[in-house]
Amino acid sequence: ALSALEQTAILLHQHDPLFGCEIDSTNTIAPDRSNTQLAAVMDHGTTCVCGKAAEKRCGRCRAAHYCSEACQRGHWSAHKAACAATAKAAADAAAAVAANAPVTVVTINANDTRTEVWPRRGTGWIKCPVPYLLGVPLLCRKTGVRNTASFNPAVYLMVDPVTGLAPFDWLPDSTGFQKIAYCRADDVPLSPDLWWNLYDYIFKLMDYYGDSVNDPRIPKLLTPRAFTMAYAELEEEEED
């Protein structure tokens, strides 16, 4: 049986298209109210595959219409390939727009933290697993700029939520660490204070991971609520 922590990690992978994981027949149905014009069309007879009026659509591709979860599940085998292709096309189009849009980033170079405005976001961003679970959709990207520091706090933002270990390619090599850039996937401005609060939280979280057995409280600590409460406490301490 999977542990609660492993189940949490699997859910994170299934419901985020950045992981590229396949959504199965449990794919959510989203109410079709994306804009007023589309809502009006839906309210005037868009039909489900069964012929009934449909007021909901596939939560992944947004292109197939359904009247119920039962109809969606029954149609999944026929819709699966088209769903993946449509969702990928939409994601690629959105990524192309985002790549050419300006973005404010926080860069970490050893202990040097800076806020920079890049004229375009570019590509090559990857997600930071633990911050996503904590409710902060954080993306990061290596810049290629090297330093010889023996420690870089950015490593902690890339630890695996199941093992508590960072990937080998995020550890230092013979030339040291790279300068890392961070931004949010939801385009909300990222502040250096929030970045450091994430680092502090994850650094303390590492005490709950063991060589063979992890603390059973970890799943409860990998939640937006737990981080929000800890973040609020940190802000209160700074004010005092």
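1. Secondary structure. In this predicted model, the protein has seven helices and eight strands. Of its 240 residues, 38% are buried. Contacts that span long stretches of the sequence are also present: among those between residues at least 6 apart in sequence, 61% join residues at least 24 apart.

2. The largest core. The largest nonpolar core contains 36 residues, and those with the most contacts inside it are Leu138, Leu157, Tyr182, Trp195, Leu198 and Phe227. At least two residues of this core come from each of the helices α4 (129-133), α5 (192-205) and α7 (224-239), and likewise from each of the strands β4 (103-109), β7 (138-147) and β8 (177-184). Helix α5 gives the most, with seven residues. As a general background, nonpolar side chains tend to be buried together in soluble globular proteins.

3. A separate core. Another core lies apart from the largest one; this second core has ten residues, including Cys61, Ala64, Cys71 and Cys83.

4. Helix α5. What span should the 14 residues of α5 have at 1.5 Å a residue? The expected value is 20 Å, and the C-alpha atoms at the two ends are 20 Å apart, so the two values agree. The reader may check this by noting that the expected span is 1.5 Å times one less than the number of residues. The buried residues of α5 are Leu194, Trp195, Asn197, Leu198, Tyr199, Tyr201, Ile202 and Leu205.

5. Tyr199 and Phe203. These two residues are four apart in helix α5, and therefore about one helical turn separates them. Their ring centres are 5.8 Å apart and their planes meet at 40 degrees, so the pair is tilted. The two differ in exposure: Tyr199 is buried, with a relative accessible area of 10%, whereas Phe203 is partly exposed, at 41%.

6. Other aromatic residues. The whole structure holds nine aromatic pairs. One of them joins Trp118 and Trp125, whose rings are tilted, with 5.9 Å from centre to centre and 45 degrees between the planes. Both Trp118 and Trp125 are buried. Tyr156, Tyr182, Trp195, Trp196, Tyr199 and Phe203 together form one aromatic cluster. A charged residue also meets an aromatic ring: Lys127 lies over the face of Tyr132, at 3.7 Å from the ring centre.

7. Cysteines. How many disulfides does the model contain? The count is zero, where a disulfide would require two cysteine sulfur atoms within 2.5 Å. Two examples show the reasoning. The cysteine sulfur closest to that of Cys61 belongs to Cys58 and is 3.8 Å away, which is too far for a bond. For Cys128, the closest cysteine sulfur is in Cys140, at 3.7 Å, and this too is too far for a bond. Both residues in these examples are buried: Cys61 has a relative accessible area of 8%, and Cys128 has a relative accessibility of 0%.

8. Ile108. This residue lies in strand β4 and is buried, because its relative accessibility is 0%, below the cut-off of 20%. Which residues does Ile108 contact, leaving aside its neighbours within four places in sequence? They are Thr113, Asn152, Pro153, Ala154, Gln178, Lys179, Ile180, Tyr182 and Trp195. Two of these contacts, Tyr182 and Trp195, are also among the residues with the most contacts inside the largest core. Gln178 illustrates a link between distant parts of the sequence: Ile108 and Gln178 are 70 residues apart in sequence, yet their C-alpha atoms are 8.8 Å apart in space.

9. Ala230. Helix α7 contains Ala230. Is Ala230 buried or exposed? With a relative accessible area of 18%, Ala230 is buried; the value falls under the 20% that the term requires. Ala230 and Asp200 are 30 residues apart in sequence, while the distance between their C-alpha atoms is 9.9 Å.

10. Arg62. This residue is found in the loop between β2 (56-58) and β3 (65-66). Its phi angle is near 65 degrees, which is a positive value in a residue other than glycine. Arg62 is partly exposed, with a relative accessible area of 27%.

Technical notes:
Residues numbered from 1 in each chain as written. Predicted model: local features only at pLDDT ≥ 70, side-chain atom pairs only at ≥ 80, totals over all residues. Heavy atoms only, no water. Core = buried A, V, L, I, M, F, W, Y, C linked by side-chain atoms within 4.5 Å. Buried < 20%, exposed > 50% of the residue type's maximum accessible area, 1.4 Å probe, protein only. Phe/Tyr/Trp six-rings, centres within 6.5 Å; stacked < 30°, edge-to-face > 60°. Lys NZ or Arg CZ within 6 Å of the ring centre and 35° of its normal. Contact = heavy atoms within 4.5 Å.
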